[in-house]
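Hello,

Here is the structure I promised to pass on to you. Have a look at it first, and then read on for what turned up.

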Amino acid sequence: METIPVQHLPNAFRCALEMCAASGDRTKARLMALIDHYLKACGLAEDPHRSVYEECAVAHAKRMYSLGAAQGF
C-alpha cells in the first residue's frame, strides 16, 4: 500500500502525530489513543477510511521518529 502524505491526512491524524511527537511516550499505543481521541472530538470516529489513515499515520510515525519494536511498531 502506498502511504498517504502527511499533509493529505485528515486533521485528526495530523494532530495525533504532532502530539505524539511533542510530549509523552512515542509508542504505538499512545499514538492510537491520540488518534481515537481526535477522531471522536472531530466527530469522525465512524470514518469508513479510518483503518487506511491509521496505517499511514503509524508508518509516518515509525519513519519520522525512528521508532521500532521497542515502542510497539
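Asn 11, Glu 18 and Ala 22 are the exposed residues on the face of helix 1 that is turned away from its buried side. Please keep in mind as you read that this is a predicted model.

What sits on the buried side of helix 1? Its buried residues are Ala 12, Phe 13, Ala 16, Leu 17 and Cys 20. Viewed down the helix axis, they fall within an arc of 135°, so they line one face of helix 1. There is a general reason to expect such patterns: an α-helix has 3.6 residues a turn, so residues three or four places apart point the same way. The buried residues of helix 1 pack against helix 2 and helix 3. As for its length, helix 1 has 12 residues and reaches 16 Å from its first C-alpha to its last, close to the 16 Å expected at 1.5 Å a residue. Just after helix 1 comes Gly 24, with a positive phi of about 80°.

Now to helix 2. Its 15 residues should span 21 Å at 1.5 Å a residue, and the end C-alpha atoms are indeed 21 Å apart. Leu 31, Leu 34, Ile 35, Tyr 38 and Leu 39 are its buried residues. They fall within an arc of 130° when seen down the axis of helix 2, so they too line one face of the helix. Ala 29, Lys 40 and Ala 41 are exposed on the face turned away from that buried side. The partners of the buried residues of helix 2 are helix 1 and helix 3, against which they pack. Gly 43, just after helix 2, takes a positive phi of about 75°.

Where do these helices come together? The largest nonpolar core has 19 residues, and Phe 13, Leu 31, Ile 35 and Ala 61 are those with the most contacts inside it. Helix 1, helix 2 and helix 3 each supply at least two residues of this core. Leu 31 is a good one to click on: leaving out residues up to four places away in sequence, Leu 31 touches Ala 16, Leu 17, Cys 20, Ala 57, Val 58, Ala 61 and Phe 73.

One last residue to look at is His 60, which lies in helix 3 (residues 50–64). Is His 60 buried or exposed? His 60 has a relative accessible area of 4%, and because buried means under 20%, it counts as buried. Beyond its neighbours within four places in sequence, His 60 is in contact with Thr 3, Ile 4, Pro 5, Val 6, Leu 9 and Leu 17.

Enjoy exploring!

Terms used
Residues are numbered from 1 along each chain as its sequence is written. This is a predicted model: local features need pLDDT of at least 70, side-chain atom pairs count only at pLDDT 80 or more; totals for chains, interfaces and linings use all residues. Side-chain values use heavy atoms; hydrogens and water are left out. Helices (H or I, at least four residues) and strands (E, at least two) are DSSP runs, numbered from the N terminus. Buried means under 20% relative accessible area, exposed over 50%, partly exposed in between (1.4 Å probe, protein chains only). Contact means heavy atoms within 4.5 Å. A nonpolar core is a set of buried Ala, Val, Leu, Ile, Met, Phe, Trp, Tyr and Cys residues joined through side-chain atoms within 4.5 Å. The expected span of a helix is 1.5 Å times one less than its number of residues. The arc is that of the directions from the helix axis to the C-beta atoms.
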